[in-house]
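Here are my notes on the cavities, the open pocket and the ligand site. Please read them with the structure open beside you.

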Amino acid sequence: MASDLSSILVITLFAISLVNLTPSLVLARKPCHFPAIFNFGDSNSDTGGLSAAFGQAPPPNGLSYFGGPAGRYSDGRLVIDFIAQSLGLPYLSAFLDSVGSNFSHGANFATAGSTIRPQNTTLHQSGFSPISLNVQYYEFHDFLVRSQVVRKKGGVYERLLPKEEDFSNALYAFDIGQNDLTAGYFLNMSTDEVKAYVPDVLSQFQTIIQYIYSQGGRYFWIHNTGPVGCLPYVLERVPVLAGQIDKYGCASPFNEVAQFFNQGLKKAVEQLRKDLPNAVITYVDVYSVKYSLISQGRKHGFSHPLKTCCGHGGKYNYNKNLGCGAKVHKHGKEVLVGAPCKDPWTYVNWDGVHFTQAANQYIFERIVDGSFSDPPIPLNLACHRN
Ligand SMILES: *[C@@H]1O[C@H](CO)[C@@H](O)[C@H](O)[C@H]1NC(C)=O
Ligand SMILES: *[C@@H]1O[C@H](CO)[C@@H](O)[C@H](O)[C@H]1NC(C)=O
Ligand SMILES: *[C@@H]1O[C@H](CO)[C@@H](O)[C@H](O)[C@H]1NC(C)=O
């Protein structure tokens with residue numbers, strides 16, 4: 001019921017926003033009817049990949065919507081869930097999840113902790129996923145080829161796997177890069193050192209888009225990276241000077257690096273549009289939406305812009321060693337110390353790293369109509385070239 005109401009709200013908001021666009025942009029165009037979504041990314045859009053391979057995200061993740069852990073690092077749905085829902089598609093199954101998955105309408109290759117560049121460390125050593133973007137591409141390629149072989153067996157496989165033509169009509173969504181930036185800082189690199197490797201990160205990103213295009217992908221929906229300097233796990237872990245904290249409490253050097261990455265990403269997208277003549281690529285400025293959510297959130301009912309909902313202690317209710325869901329043994333009893341707040345919908349940040357469902361919905365509602373996109377066309381028209 002709640003989700004029906006929210007989709008009506010989204011459709012209504014969407015209809016209102018269409019009226020504001022120039023008629024020539026909208027009236028001539030039919031909605032795209034993407035039959036599938038293939039998503040690549042990190043925890044911002046992981047719907048169960050890391051959980052399937054390395055152990056489930058613990059409770060209280062999933063608390064506000066799924067009634068329990070659902071492979072997502074949030075109390076509920078992610079932006080990619082709202083995207084799927086608004087396109088009339090079921091939530092995406094994680095490619096790595098062999099239990100109960102249905103890939104007829106796409107697959108999700110994202111895993112929490114993923115980077116664009118392969119890291120030279122294990123998940124255990126650094127917390128970064130070994131399933132970097134190139135590995136996500138290998139998985140995608142494997143899926144593309146083998147799903148068609150298996151689908152020919154008929155029966156249930158026809159109802160679990162996409163049709164061949166769905167691959168060229170699908171939306172290819174990306175939200176990745178944040179961890180490439182934090183990876184350097186966590187190795188004690190300076191901002192200049194991090195900036196110095198950003199071109200390599202972007203070049204590897206570009207290569208993957210070219211590979212997907214060469215396999216028939218045409219419609220690309222690319223989120224830029226968020227203001228990582230506003231997240232407790234960065235604020236707590238990487239030292240900054242008092243003068244480097246902005247008036248909203250965010251650490252400016254990290255946000256500047258994120259913006260530096262985003263400028264490069266935008267240029268990379270412009271180059272890709274030249275190199276891939278039949279591609280339709282939408283660049284979505286999620287950074288600006290997230291930053292305005294944190295800086296202006298109080299106006300929208302988010303009374304806690306920086307503090308973690310589910311965590312333990314310290315300035316931000318965040319402790320890297322006692323995260324959301326963490327338990328300790330006290331007097332022979334297990335006690336939950338990484339406990340959730342009572343009102344997650346008033347928090348932007350769920351666990352110090354990831355956004356709450358309420359924040360994800362806020363972000364989705366602002367990007368769906370194209371107001372933060374280049375070119376400025378809505379999600380359901382993102383198959384049309386400007
Ligand atoms: C990992 O090591 C290789 C070989 O030394 C290097 O080329 C690559 O840049 C390293 N990756 C990262 C993320 O540092
Ligand atoms: C998988 O999902 C699709 C789309 O919702 C549905 O039509 C199909 O029946 C599902 N497959 C199975 C085996 O349930
Ligand atoms: C980074 O610096 C901190 C503080 O000096 C140190 O404890 C930590 O081991 C260093 N990390 C790496 C990866 O070098």
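By class, how many nonpolar, polar and charged residues does the lining of the largest cavity have? The lining has six nonpolar, five polar and two charged residues. The points below start from that cavity. Bear in mind throughout that this is a predicted model.

1. Enclosed space. The count comes to two cavities of 30 Å³ or more. The largest cavity has a volume of about 90 Å³, and the second largest cavity has a volume of about 70 Å³.

2. Walls of the largest cavity. Its lining is made up of 13 residues. N44, V79, K290, F355 and N360 are the ones that lie nearest the centre. Two elements, α12 (286–296) and α13 (357–367), give two or more residues to this lining.

3. Walls of the second largest cavity. Here the lining consists of N39, N44, S45, V79, I80, I83, A173, F174, D175, W221 and H223. At least two lining residues come from each of α4 (79–86), β3 (171–175) and β4 (219–223). By class, this lining has six nonpolar, four polar and one charged residues. Note that N44 and V79 appear in this lining and also among the residues nearest the centre of the largest cavity.

4. The largest pocket. This open region holds about 930 Å³ of space. It is lined by 32 residues, and L50, Y73, G127, V353 and H354 lie nearest its centre. By class, the lining of the pocket divides into 15 nonpolar, 14 polar and three charged residues.

5. Elements around the pocket. α3 (49–54), α5 (123–126), α8 (178–186) and α10 (232–237) each contribute at least two residues to the lining of the largest pocket. The largest share, four residues, belongs to α8.

6. Ligand 1. Which residues surround ligand 1? They are R117, P118, Q119 and N120. The protein covers 39% of the 360 Å² of accessible area that the ligand has on its own. By class, the shell has one nonpolar, two polar and one charged residues.

7. A polar contact at the ligand. A polar side-chain atom of N120 is placed 2.3 Å from an oxygen atom of ligand 1. When you look at this site, keep in mind that the placement belongs to a predicted model.

How values were computed:
Residues numbered from 1 in each chain as written. Chains lettered and ligands numbered in written order. Predicted model: local features only at pLDDT ≥ 70, side-chain atom pairs only at ≥ 80, totals over all residues. Heavy atoms only, no water. Near = heavy atom within 4 Å. Polar contact = N/O pair within 3.5 Å; in protein donor to acceptor, adjacent residues only side chain to side chain. Areas by Shrake-Rupley, 256 points an atom, 1.4 Å probe, with all protein chains shown as cover. Nonpolar A, V, L, I, M, F, W, Y, C, P; charged D, E, K, R; others polar. 1 Å grid on protein atoms, 1.4 Å probe; cavity = no way out; pocket = protein on both sides within 12 Å on 5 of 7 lines; lining within 4 Å. Points joined across faces, edges and corners; volume = space filled by probe spheres on them.
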